[in-house]
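Reader: I have a structure open and would like to learn how to read it. Could you walk me through it, one feature at a time?

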Amino acid sequence: MDSTLDDKLTERQLASLDELLLNLAREAGPDNTNRIVRAYLLAFSRLPNEQERSALLQFLAQHGQQIENDTGGKVSGTAAQSQALSAMCLVLLNTNEFAY
C-alpha cells in the first residue's frame, strides 16, 4: 500500500475516532460503563458482553493510571481518563469486527 492510501486510511480512522469521542462525551456522560456500552453501539451496533465490558473497564482504569504515572502526575484525573478513553476507542476501531 502506498503512503497516500495509508494517509487517507489514517485520516478516515482519526475522523471516526473524533466522531466516536464526541458522541461518547455527549451521550454517555462520565460513567465508564455507559461509555463502553455507547462505544460498542456506535462502533459495532451491538452491546458489549460481560467479558468485553469487564475487560474495557479494567483497561480504562489501568491505562488512566499509567498515563498519570508516565507523566509524573502532570496529566491526571479527567484528562488522564480522556486519554484512556481515546486509547480504548482506537482499540475498538482497530478490531476485525469494526473493519468488516
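Reader: Where do I start: how many helices and how many strands does the secondary structure of the chain come to?

Author: Glad to help, and one thing to keep in mind is that this is a predicted model. The chain comes to five helices and zero strands. If you follow the sequence, the pattern reads α-α-α-α-α. The C-alpha trace spans about 40 × 30 × 25 Å along its principal axes, and of the 100 residues, 26% count as buried.

Reader: How do I describe two helices that pack together?

Author: Two packed helices are described by the angle between their axes and by the distance between those axes. Let us try this on helix H2, residues 32–44, and helix H4, residues 77–93: they pack at an angle of about 30°, and their axes are 11 Å apart. That angle makes H2 roughly parallel to H4, since angles under 35 degrees count as roughly parallel. The crossing of these two helices is right-handed.

Reader: Which residues in H2 and H4 meet?

Author: On the H2 side you will find Asn32, Arg35, Ile36, Ala39, Tyr40 and Phe44, and they meet Gln81, Leu85, Met88 and Leu92 in H4. Sorted by class, the residues of this contact are seven nonpolar, two polar and one charged.

Reader: And at what angle do H2 and H3 cross?

Author: Their axes cross at roughly 120° and come within 10 Å. H2 and H3 are therefore oblique to each other. Here, too, the crossing is right-handed. From H2, Asn32, Thr33, Ile36, Val37 and Tyr40 meet Glu52, Arg53, Leu56, Leu57 and Leu60 of H3. This contact has six nonpolar, two polar and two charged residues.

Reader: What about the inside: how many residues does the largest nonpolar core have?

Author: The largest nonpolar core has 19 residues, and those with the most contacts inside it are Leu24, Ile36, Tyr40, Leu56, Met88, Cys89 and Leu92. Helix H1 (3–28), H2, helix H3 (50–70) and H4 each supply at least two residues of this core. H4 gives the most, with seven residues.

Reader: Can we look at single residues of that core? Is isoleucine 36 buried or exposed?

Author: Isoleucine 36 sits in helix H2 and counts as buried, because its relative accessibility is 0%, and buried means under 20%. Setting aside neighbours within four places in sequence, isoleucine 36 is in contact with Pro48, Arg53, Leu56, Leu57, Leu60 and Met88. Now pick out leucine 56: not counting residues up to four places away in sequence, leucine 56 touches Ile36, Tyr40, Met88 and Leu92.

Reader: How can I tell whether contacts join distant parts of the sequence?

Author: Look at how far apart the partners are along the chain. Among contacts between residues at least 6 apart in sequence, 49% join residues at least 24 apart.

Reader: What should I look for in the backbone angles?

Author: Most residues other than glycine have a negative phi. Serine 45 is a case to look at: its phi is near 60°, a positive value in a residue other than glycine. You can find serine 45 in the loop between H2 and H3.

Reader: Is serine 45 buried or exposed?

Author: Serine 45 is exposed, because its relative accessible area is 66%, and exposed means over 50%. Try putting serine 45, exposed at 66%, side by side with isoleucine 36, buried at 0%, on your screen.

Methods: Residues numbered from 1 in each chain as written. Predicted model: local features only at pLDDT ≥ 70, side-chain atom pairs only at ≥ 80, totals over all residues. Heavy atoms only, no water. Axes fitted to C-alpha atoms, helices over the stretch in contact; angles between N-to-C directions. Helix = DSSP H or I, 4+ residues; strand = E, 2+ residues; numbered from the N terminus. Parallel < 35°, antiparallel > 145°, perpendicular 65-115°, else oblique. Left-handed = near helix turned anticlockwise from the far one by under 90°. Contact = heavy atoms within 4.5 Å. Nonpolar A, V, L, I, M, F, W, Y, C, P; charged D, E, K, R; others polar. Core = buried A, V, L, I, M, F, W, Y, C linked by side-chain atoms within 4.5 Å. Buried < 20%, exposed > 50% of the residue type's maximum accessible area, 1.4 Å probe, protein only.
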